[in-house]
Amino acid sequence: MVRPLWAQSFDATVNRTTVPEGETFVLTLNLQDVDTSATPDLSGLNKDFTVFSISNGYRTNIINGQVSKSRQWNLVLMPNQTGSLVIPSIELAGYKTQPVTMNIVPAGAADQLVQSPAVDTPRFKMDGKIDNTAPYVQQQVNYRLTIYDAGGLQGEAPFFVTDNDDWIIKNLGEPQVSTKIVNGQTLREITFNYALFAQKSGELTVPPVRFNGYYLTKESRTDPFARFFDNDPFFAGFGLNDVFASRNPVVLNTKPVKVNVRPAAVASGWWLPAEEVKLSADFEGGRPQFKAGEAVSRTIYLKAVGVLDNQLPEIKFTGVDGVKQYPEKPQTDMKVENGKIVSYARITNVYIPEKAGRITLPEIKVNWFNTATGSAETAVIPAYQTEVAAGTGMPSAAATAAPANETKSELPPVLLPAEPSKPAEVFTRVDNTHIILYLLAAFVGGIVAAFLLMKLLARMSRPSAACRKTVVAAAKAKDMQSLRDNLLAWAAAEFPERKITNLQDVADIFQNAAFNKELDKLRETLYAETSKDWDDKTFIDVFCKMAGHAKKHKRTTDEPLPKLYK
């Protein structure tokens, strides 16, 4: 049977024509009753739009005995600028779509998300703000990220898009969620707080933040239970809405921010830019009585607000004549208090006076730079003077002296009572210690080898391991269609708890800038005429690194979404 020519078509439609700045929309390409294995040419989109994800599928309909086939591509696009933008005509197998005109409006205030009748779909907005555009190097900069949700937004936590080490970024705790009613509609504000620390001076860029999510839409004609339950929210808790709802992707991005980072404000010494530094000390048991030959412990505490724990300086103890000192290894900790990173250090020093008399423990000081006042300051523990009383049972010099080749001991010497003399004994003894150690080492080594072999065999037998090999093979062969299919198969086998349908789903798992870049290149190459610019070696290298760390990206809960967005 010859198919009528009027049934063959290639159309382009969008889910909305008015889009606020920073939001995404969906472009759908539908090829009707055309037999071809070719893919559409999407190069014309790169000028005014960013392609975030591409998914495709096939559909076959049989009506009155006539078979109709169609192919469909769904593209999630974000406009690169405001104003009137045109989606150009897209060509495939001799067919061309009609251009589509888009109206990209500036992002308005949060309250305007529920006041614009021109946009008939849920509205979302994301803003990122820093509190200091001219910080000192390694000074804490506060970054406040707010997502405004006027339409049931769901998804994973946002993340910074960066591939360099210019910044150390720390999360300042759980997000804050507030709700208000505007014009009878609910507007949620979800606020995340981060601490950023610039690692070098000069003009730097605070990286943009990206949020990947979606909102659900449901029509009663597609939900056979809607008319029975009248969309009762009680039944929504059982997931009935999700079963018959469609996911509409949402990608939100903040704009990068230029920051002029000032260099360290001190010419020499340790650089510690903080809002507050406290230094204190106490003796074990309160105010002790020093006695010759007896140990006294003193603990030094350092607290710094607005710095990381690895920025804390080392506390050094000056030598004192007639006193032996045994400082222990410092212990550090880092917490979030009142929206600030607060770092702590604690070090205990053991003093053992060698003789009676007056001693002075030197002052302990830490130099730091006050970022609030812009001035250099010093935190000080004053010198401590005390009298050393004569001890009972003074240790001899030979008993307390350290070995000649040892400059420092972790613990003070312990004096043991002398043992009574015993008559000399003469006997022959065979030392079998080394034989026992060899046998024990061989036994333990055998257990370890068997364990590693079992893990290796288990790993090689996993379905994801076989899929991983096919991904590498397809990449080497530069078979882009096969690479895409095998990559999705590998991700589905490696992460069975997730719903993997397209390359964006794979990118959302890892949220790695280098891997995202390679996936973007793969998408572009899939719809290009040739793959000469695609580097298989780079892709394989990045993919293997991601596959090697796949375990840490597995979800530890069966919940489909974080509680924040439920």
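R484 is buried in this predicted model, with a relative accessibility of 13%, and its side chain takes part in a salt bridge with D485 in which the closest N and O atoms lie 2.8 Å apart. D485, the partner in that pair, is partly exposed, having a relative accessible area of 43%. The pairing therefore joins a residue that falls under the 20% limit for burial to one that lies between that limit and the 50% above which a residue would count as exposed. Side chains of opposite charge can pair when their charged atoms come close.

The salt bridge of R484 and D485 belongs to a set of 10 that a search of the whole structure finds. Another of them links K278 with E276, where the closest N and O atoms are 3.5 Å apart. Here K278 is partly exposed at 47% relative accessibility, and E276 is likewise partly exposed, at 32%. A further salt bridge brings together the side chains of D127 and K125, with an N to O distance of 3.6 Å; in this case K125 is buried, its relative accessible area being 13%, while D127 is partly exposed at 26%.

K125 and D127 also lead into the surroundings of T146, a residue of strand β11. T146 is buried, with a relative accessible area of 7%, and, when its neighbours within four places in sequence are left aside, its contacts are with K125, M126, D127, E189, I190 and T191. Both members of the D127 and K125 salt bridge are thus among the residues that T146 touches. Strand β11 covers residues 140–149, and the loop that follows, between β11 and β12 (154–155), holds A150. A150 is buried as well, at 17% relative accessible area, and although A150 and L187 are 37 residues apart in sequence, their C-alpha atoms are 4.8 Å apart in space.

On the other side of β11, the loop between β10 and β11 contains Q138, whose backbone deserves a look. Most residues other than glycine have a negative phi. Q138, however, has a positive phi near 70 degrees without being a glycine, and with 24% relative accessibility Q138 counts as partly exposed. A second residue with a positive phi, again not a glycine, is K478, for which the angle is about 55 degrees. K478 sits in the loop between α6 (463–477) and α7 (480–494), and its relative accessibility of 35% makes it partly exposed.

From the helices α6 and α7 the description can pass to α8, which spans residues 503–510 and includes V506. V506 counts as buried, with a relative accessibility of 0%. Neighbours within four places in sequence aside, V506 is in contact with L488, A491, I500, F515 and L519. For one of these, L488, the separation along the chain is 18 residues, and the C-alpha atoms of L488 and V506 are 7.4 Å apart.

The second largest pocket gathers several parts of the chain around a space of about 960 Å³. Its lining is made up of 44 residues, and those nearest its centre are V161, P208, R210, N253 and T254. Two or more lining residues are given by each of β5 (66–79), β10 (124–130), β13 (159–160), β14 (167–171), β19 (246–253) and α9 (513–526). The largest share is that of β10, which supplies five residues. In chemical character, the lining of this pocket divides into 20 nonpolar, 14 polar and 10 charged residues.

These local settings belong to a protein of 10 helices and 30 strands. Of its 566 residues, 39% count as buried, and the accessible surface comes to about 33100 Å², with 52% of that area belonging to carbon and sulfur atoms. Among the contacts in the protein with a separation of 6 or more, 71% are between residues 24 or more positions apart. The pair A150 and L187, with their positions 37 residues apart in sequence and 4.8 Å between their C-alpha atoms, gives a local view of how separated parts of the chain meet.

Methods:
Residues are numbered from 1 along each chain as its sequence is written. This is a predicted model: local features need pLDDT of at least 70, side-chain atom pairs count only at pLDDT 80 or more; totals for chains, interfaces and linings use all residues. Side-chain values use heavy atoms; hydrogens and water are left out. Helices (H or I, at least four residues) and strands (E, at least two) are DSSP runs, numbered from the N terminus. Buried means under 20% relative accessible area, exposed over 50%, partly exposed in between (1.4 Å probe, protein chains only). On a 1 Å grid over the protein atoms alone, a cavity is a set of points where a 1.4 Å probe fits but cannot get out, and a pocket is an open set with protein on both sides within 12 Å along at least five of seven lines; lining residues have an atom within 4 Å of a point. Grid points are joined across faces, edges and corners, and a volume is the space filled by probe spheres set on the points. Ala, Val, Leu, Ile, Met, Phe, Trp, Tyr, Cys and Pro count as nonpolar, Asp, Glu, Lys and Arg as charged, and the others, Gly among them, as polar. A salt bridge is a side-chain nitrogen of Lys or Arg within 4 Å of a carboxyl oxygen of Asp or Glu. Contact means heavy atoms within 4.5 Å. Accessible areas come from the Shrake-Rupley method with a 1.4 Å probe; for residues, only the protein chains shown count as cover.
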